[in-house]
Amino acid sequence: MSEMWETPDGAPDRAPDETPRPGRPGGSRQTVMLAAFEGWNDAGSAATSALLHLHEVWGAVDVDELDPEEYHDFQVNRPVVTEAEDGSREITWPTTTVASALVPGSGRRVLLVHGIEPSMRWRRYCRELLDIAERHGVTTVVTLGALLADVPHTRPIPMTATSESTGLQAVLDVESSTYEGPTGIVGVLQHAASERGMQSVSLWAAVPHYVAHPPSPKATLAILSRVEELLSEPVPLGDLPEDAQAWEHGVDELAEEDAEIAEYVHQLEEAKDTAELPEASGEAIAREFERYLRRRDTGEKGDKGPPA
C-alpha cells in the first residue's frame with residue numbers, strides 16, 4: 001500500500017505543541033480527519049466504536065466542539081442529566097466534538113470527529129467542521145460508517161471503500177461510489193470535502209442485519225483494520241480481537257437454538273463463499289502481508305509504530 005499523505009519535500013517538521021497552520025500538516029505526514037456519527041450511518045455502533053477506540057489508544061485531546069443548539073432537535077436527541085462526584089447535577093448535550101492526536105512513532109496528526117447525525121442545517125454543519133479541519137491543516141477526510149446487510153456473522157465483515165478523489169482511487173485501489181438514493185451526514189460531509197478540494201475516502205462496514213444490536217466488535221475491528229491500511233499506521237487493538245471472537249461464538253450459540261436462523265445463516269454463508277471464490281487474489285494476499293509486516297516491525301520497536 002503506497003503512502004500518499006507524505007509531507008511535500010522541504011516542509012519542515014514542527015514540534016508536537018506547535019499550532020498547526022492551514023496547508024502545513026503535523027509531524028512528517030499530512031493531517032487526516034476521521035469522522036463517525038451516531039444514528040443512521042452507524043449500524044451496531046461499529047463506526048463510532050472504532051473512532052472512540054482510536055481516541056483512547058492514541059490519547060486524543062478535545063480541541064473544539066460544535067454548538068448543539070444550531071444542529072439538533074433536543075426532542076429527538078435529548079440531553080442527559082447526571083450526578084457529578086461532588087453531588088452536583090450536570091447536563092450533557094448531544095454535541096459534536098473534535099479531538100486531536102499524534103500517532104505514536106510516525107508523529108502524524110489526526111483529527112477525530114465524533115457526534116450524532118444532526119437534525120438540521122447539514123450544509124452549515126459540514127462547513128463548520130471543514131473550517132475546523134482547514135485550521136488544523138487537514139488535507140484528507142475519512143468518514144466511517146456501518147450499514148445493515150445480508151451477510152453472515154461467520155465470515156469476515158465486508159468492507160467498502162469509496163472516494164470521489166480520482167488520485168486516491170488509483171493509489172489506494174478504491175472505487176468511486178455508484179450509490180444513488182438517500183444519504184446520511186457522512187455522504188454529505190464527504191461530498192463537501194471534495195468540493196473544497198480536499199481528498200476524501202468513505203469506509204463502510206456491512207453488519208449482519210440479524211445481529212444489529214450494538215456492540216458489534218467484529219465490524220469495529222474490520223473498520224480499524226481498514227483505517228490502519230489506509231493510513232499505514234499500526235492501530236493497537238487491545239481486547240478487540242478477543243471481543244470479536246466472543247461475539248461470534250455468542251451468535252453461533254443463538255443460531256443453534258433456532259433452526260430457521262441456523263438455516264438462514266447457512267444460506268448466507270453459501271452465497272458469500274460462492275461470490276468470493278475468485279477473490280483469493282494476489283492483491284488481497286499482498287494487503288494482508290503488508291499488515292503483518294507493519295505489526296511485526298511495531299513489535300520489534302517496542303510498539304512505537306513505523307518510522308515516518
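In this predicted model, S45 is located in the loop that runs between β1 (31–38) and α1 (46–57). The backbone of S45 adopts a positive phi of about 55°, although the residue is not a glycine. S45 counts as partly exposed, at 26% relative accessibility; the value falls between the limits of 20% for buried and 50% for exposed residues.

A positive phi also occurs at R121, where the angle is near 55° in a residue other than glycine. R121 is placed in the loop between β6 (109–116) and α2. The relative accessible area of R121 is 40%, and the residue is therefore classed as partly exposed.

A further backbone feature is found at the peptide bond from P214 to P215, which is cis, with omega near 0°. P215 belongs to the loop between β9 (199–208) and α5 (217–231).

With regard to aromatic contacts, the search of the whole structure returned 4 aromatic pairs. One of these is formed by Y71 and Y125, with a distance of 5.1 Å centre to centre and an angle of 80° between the planes. The arrangement of Y71 and Y125 is edge-to-face, because the angle between the planes is over 60 degrees. Y71 is situated in the loop between β2 (61–66) and β3 (80–83), whereas Y125 is part of helix α2 (residues 122–135). The two rings are 54 residues apart in sequence, so the pair ties together separate parts of the chain. Both Y71 and Y125 are buried, that is, each has a relative accessible area under 20%. Ring pairs also bring in F37, which is linked with Y71 and Y125 into a cluster.

On the surface, V81, I91 and W93 make a nonpolar patch of about 300 Å². Of the residues in this patch, I91 is located in strand β4 (residues 89–92). I91 has a relative accessible area of 52% and is therefore classed as exposed, since the cut-off for this class is over 50%.

Key: Residues are numbered from 1 along each chain as its sequence is written. This is a predicted model: local features need pLDDT of at least 70, side-chain atom pairs count only at pLDDT 80 or more; totals for chains, interfaces and linings use all residues. Side-chain values use heavy atoms; hydrogens and water are left out. Rings of Phe, Tyr and Trp (its six-membered ring) pair if their centres lie within 6.5 Å; planes under 30 degrees apart count as stacked, over 60 as edge-to-face and the rest as tilted. Helices (H or I, at least four residues) and strands (E, at least two) are DSSP runs, numbered from the N terminus. Buried means under 20% relative accessible area, exposed over 50%, partly exposed in between (1.4 Å probe, protein chains only). Patches are made of residues with over 30% relative accessible area and no salt bridge: like charges are joined within 9 Å, nonpolar side chains (Val, Leu, Ile, Met, Phe, Trp, Tyr) within 5 Å. Accessible areas come from the Shrake-Rupley method with a 1.4 Å probe; for residues, only the protein chains shown count as cover. A salt bridge is a side-chain nitrogen of Lys or Arg within 4 Å of a carboxyl oxygen of Asp or Glu.
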